[in-house]
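Hi everyone, thanks for coming. Let's take a look at today's protein together, and please stop me whenever something is unclear.

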Amino acid sequence: MLAILAAIVFGLALLFDLADVATDPFDYQTLVTVGLLLIALHLAGVGGSADWRGRAWNRRRATRR
């Protein structure tokens with residue numbers, strides 16, 4: 001999910017750079033920094049899908065054998 005958000009942010013940064021849009025809080029360098037942060041969080045495993053069955057389901061399944 002974070003990788004998709006990073007791709008969107010990088011796309012916006014590219015559009016801002018190509019159109020020479022310069023607003024104070026969100027210039028293209030800020031968006032590139034945010035995109036790199038999102039990529040780093042994605043690679044670190046933050047925001048990944050969780051296994052909602054959990055370990056208890058695996059333990060119950062193992063005891064039935």
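Before anything else, a word you will need: pLDDT is the predictor's confidence in each residue, on a scale from 0 to 100. We need it because what you see here is a predicted model. For this protein the mean pLDDT is 76, and 68% of the residues reach 70 or more.

So what is it built from? The protein has three helices and zero strands, and reading along the sequence gives the pattern α-α-α.

Where is the confidence highest, and where is it lowest? The top is helix α2, with a mean of 85, and the bottom is helix α3, residues 54-63, with a mean of 61. Keep in mind that where pLDDT is low, the predicted coordinates should not be read in detail.

Now to the pair I like to look at. Helix α1, residues 2-19, packs with helix α2, residues 28-44, at an angle of about 165°, and their axes are 8 Å apart. Angles over 145 degrees count as roughly antiparallel, and therefore that is how α1 and α2 run relative to each other. The crossing of α1 past α2 is left-handed.

Which residues make the contact? From α1 they include Leu5, Val9, Phe10 and Phe16, and from α2 they include Leu31, Val32, Leu38 and Ile39. Sorted by class, the contact of α1 with α2 has 17 nonpolar residues, two polar and one charged.

One last number, for the whole protein: of its 65 residues, 11% are buried. Thanks for listening, and I'm happy to take questions!

Technical notes: Residues are numbered from 1 along each chain as its sequence is written. This is a predicted model: local features need pLDDT of at least 70, side-chain atom pairs count only at pLDDT 80 or more; totals for chains, interfaces and linings use all residues. Side-chain values use heavy atoms; hydrogens and water are left out. Axes are lines fitted to C-alpha atoms, for helices over the stretch in contact, and angles run from 0 to 180 degrees between N-to-C directions. Helices (H or I, at least four residues) and strands (E, at least two) are DSSP runs, numbered from the N terminus. Angles under 35 degrees count as roughly parallel, over 145 as roughly antiparallel, 65 to 115 as roughly perpendicular and the rest as oblique. A crossing is left-handed if the near helix is turned anticlockwise from the far one by less than a right angle, and right-handed if clockwise. Contact means heavy atoms within 4.5 Å. Ala, Val, Leu, Ile, Met, Phe, Trp, Tyr, Cys and Pro count as nonpolar, Asp, Glu, Lys and Arg as charged, and the others, Gly among them, as polar. Buried means under 20% relative accessible area, exposed over 50%, partly exposed in between (1.4 Å probe, protein chains only).
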